[in-house]
Amino acid sequence: MRTIYPIFRYPDPRAAIDWLGAAFGFRVHAVHEAPDGTVAHAELILDTGMIMLGARADSRPRPADDDWSVYVAVADVDAHCAQARAAGAEITREPFDTDYGSRDYAARDLAGNVWSFGTYRP
């Protein structure tokens, strides 16, 4: 059972749901609409992980690369990076090998959030 659920806010949650699927491989688990038809809450899954997302009413500055990041374990970092790049993700750190045996990369999503992907599974 999952115990940690990162929450993301996007100016256009429907566009974010589509983009996160195309770029990072997330699948829709649930989408709950507000009375006006906008997305009130959504849950996306990737492997055994889940994120939640919703609308962000106000604009905010783009997060800095080192503000925070979510790490997602994937099997093939290079293929995942290519998929993200093809979908328009800004690759902030190209794939690289770590000294602890992982292969990682980092990307920024359409709202400016930084995501780290790699093969490390603690």
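This section describes the two sheets, the helices and the core of a predicted model.

One of the sheets is open and contains four strands in the order S1-S4-S3-S2, with mixed pairing. Strands S1 and S2 occupy its edges, and each has a single partner strand, so one side of each is left without a neighbour in the sheet. On average, neighbouring strands here are turned by 20° against each other, direction ignored. The pairing of S1 with S4 is parallel and comprises four bridges; within it, Phe8 has Leu53 of S4 as its bridge partner. Strands S3 and S4 run antiparallel and are joined by five bridges. In this pairing Leu53 of S4 is the bridge partner of Ala42. Helix H1 packs on the sheet, where it touches S1, S2, S3 and S4, and its direction makes about 10° with that of S3.

The pairing of S2 (residues 27–33) with S3 is antiparallel and rests on six bridges. His32 has His41 of S3 as its bridge partner. These two strands form a hairpin with five residues between them, and in the turn Gly37 shows a positive phi of about 90°. The faces of the edge strand S1 can also be told apart: Phe8 and Tyr10 make up the covered face, whereas Ile7 and Arg9 make up the uncovered one.

The loop between S3 and S4 contains Asp47. Most residues other than glycine have a negative phi. Asp47, which is not a glycine, nevertheless has a positive phi of about 55°. With a relative accessibility of 47%, Asp47 counts as partly exposed. Beyond residues up to four places away in sequence, Asp47 touches Arg2, Arg27 and Arg121. The C-alpha atoms of Asp47 and Gly25 lie 9.3 Å apart in space, with a separation of 22 residues in sequence.

A further open sheet of four strands has the order S5-S8-S7-S6, again with mixed pairing. Its edges are formed by S5 (70–73) and S6 (90–97); each has a single partner strand, so one side of each is left without a neighbour in the sheet. The average turn between neighbouring strands of this sheet is 20°, direction ignored. S5 runs parallel to S8 (residues 114–118), to which four bridges join it. Val70 stands opposite Trp115 in S8.

Helix H2 is capped at its N-terminal end by Asp76, a side-chain oxygen of which lies 3.2 Å from the backbone nitrogen of Asp78. Within the helix, the buried residues are Val77, His80, Cys81 and Ala84. Viewed down the axis of H2, these residues fall within an arc of 100°, so they line one face of the helix. This arrangement accords with general helix geometry: an α-helix has 3.6 residues a turn, so residues three or four places apart point the same way. The elements that cover the buried residues of H2 include H1, S6, S7 and S8. After H2 comes Gly88, with a positive phi near 100°.

The largest nonpolar core comprises 28 residues, of which Tyr10, Leu20, Phe24, Phe26, Leu53, Tyr105 and Trp115 touch the most other members. Two or more residues are contributed by each of S1 (7–10), H1 (13–24), S3 (39–46), S4 (49–55), S5, H2 (77–86), S7 (103–108) and S8. H1 provides the largest share of this core, with six residues. Several of the residues described above reappear in this core. Leu53, the bridge partner of Phe8 and of Ala42, is among the members that touch the most others. Trp115, which Val70 stands opposite, is another of these members. Tyr10, from the covered face of S1, is in contact with residues that include Leu20, Leu53 and Trp115, leaving aside its neighbours within four places in sequence. Its other contacts, counted in this way, are Ala16, Gly54, Ala55, Arg56, Asp109, Leu110, Ala111 and Asn113.

Technical notes
Residues numbered from 1 in each chain as written. Predicted model: local features only at pLDDT ≥ 70, side-chain atom pairs only at ≥ 80, totals over all residues. Heavy atoms only, no water. Pairing = 2+ DSSP bridges. Axes fitted to C-alpha atoms, helices over the stretch in contact; angles between N-to-C directions. Core = buried A, V, L, I, M, F, W, Y, C linked by side-chain atoms within 4.5 Å. Buried < 20%, exposed > 50% of the residue type's maximum accessible area, 1.4 Å probe, protein only. Contact = heavy atoms within 4.5 Å. Arc of directions from axis to C-beta. Polar contact = N/O pair within 3.5 Å; in protein donor to acceptor, adjacent residues only side chain to side chain.
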